[in-house]
Amino acid sequence: PWRPARYRVAVLATVRTWTTRQWSVAALGALGTALLIGIPTDVIPNPVFGRPVDVTWWSYPALVVTAVLGGLLLATYVREPAPSGDGSLLALDDDRPTRLGGLGGALTFFAVGCPVCNKVVLLALGTTGARTWFEPIQPLLAIASIALLLIALRARLRSTASCPV
């Protein structure tokens with residue numbers, strides 16, 4: 001549904017009020033997401049993993065956007081310690097956005113990964129099917145994964161803006 005401009009501004013204002021802890025978690029979460037997806041898919045070159053199909057040009061921006069959104073989404077779950085000193089740093093009050101974010105990250109793994117290195121795709125479609133059918137839809141998977149991460153991030157920020165913890 002359509003939302004007034006002040007509502008969108010409130011969501012952005014939430015990010016502007018983040019603490020150093022939240023920004024640190026966002027940065028570390030982005031780095032961790034990039035490494036978690038980029039190393040096994042060999043988008044980030046490394047001596048452990050390889051791929052017979054070259055990395056596509058769009059895999060790099062897809063990985064960067066996914067990493068940034070994943071880090072920001074992770075940071076929405078960080079809260080400052082309560083004055084009572086319960087020591088809890090994570091607020092896991094609504095797990096629906098978490099599931100969307102997790103699905104978005106998994107889709108990115110399939111999107112930027114080598115089409116013939118993925119055992120699930122290879123078993124389902126074979127080598128020829130992976131190159132003929134799966135490889136052409138990988139950019140669509142990247143778009144879908146980014147969309148899911150954006151939806152999850154928006155839901156988390158919206159709930160924070162409408163009902164601060």
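**Five helices, two nonpolar cores and one salt bridge**

C117 is partly exposed, with a relative accessible area of 29%, a class that lies between buried (under 20%) and exposed (over 50%), as judged with a 1.4 Å probe and with protein chains only as cover. The model is predicted, so that local features need pLDDT of at least 70 and side-chain atom pairs count only at pLDDT 80 or more, whereas totals for chains, interfaces and linings use all residues. Residues are numbered from 1 along each chain as its sequence is written, and side-chain values use heavy atoms, with hydrogens and water left out.

C114, in contrast to the partly exposed C117, is buried, since its relative accessible area is 6%. The structure holds zero disulfides, the criterion being a pair of cysteine sulfur atoms within 2.5 Å.

The architecture of the protein chain can be described next. The chain contains five helices and zero strands, where helices (H or I, at least four residues) and strands (E, at least two) are DSSP runs numbered from the N terminus. Read along the sequence, the pattern is accordingly α-α-α-α-α. Of the 165 residues in the protein chain, 39% are buried. Among the contacts (heavy atoms within 4.5 Å) with a separation of 6 or more, 70% are made by residues 24 or more positions apart. The protein chain exposes about 9700 Å², of which carbon and sulfur atoms supply 71%; accessible areas come from the Shrake-Rupley method with a 1.4 Å probe.

The interior can be followed through its nonpolar cores, each a set of buried Ala, Val, Leu, Ile, Met, Phe, Trp, Tyr and Cys residues joined through side-chain atoms within 4.5 Å. The largest of these has 17 residues, and those with the most contacts inside it are W58, A62, A111, V112, V116, L141 and A142. Two or more residues are given to this core by each of the elements α3 (59-75), α4 (96-112) and α5 (119-162), and the largest share, six residues, comes from α5. A second, separate core comprises 13 residues, including V15, A26, L72 and A152.

A111 offers a way into the surroundings of the largest core, for this residue touches W58, Q138, L141 and A142, leaving aside residues up to four places away in sequence. Q138, which lies in helix α5, is itself buried, with a relative accessible area of 3%. With residues up to four places away in sequence again not counted, Q138 touches W58, F110, A111, G113 and P115, and W58 thus appears among the contacts of Q138 as well as among those of A111.

Helix α5 also carries a charged pair. A search of the whole structure finds one salt bridge, a term that requires a side-chain nitrogen of Lys or Arg within 4 Å of a carboxyl oxygen of Asp or Glu. This salt bridge joins E135 to R131, with the closest N and O atoms 2.6 Å apart. Both residues lie in helix α5, where a spacing of four residues places E135 and R131 about one turn of the helix apart. R131 counts as partly exposed because its relative accessibility is 42%.

A last point of interest is in the backbone. D42 is found in the loop between α2 and α3, and its phi is near 65°, a positive value in a residue other than glycine. Most residues other than glycine have a negative phi. D42 counts as buried because its relative accessibility is 15%.
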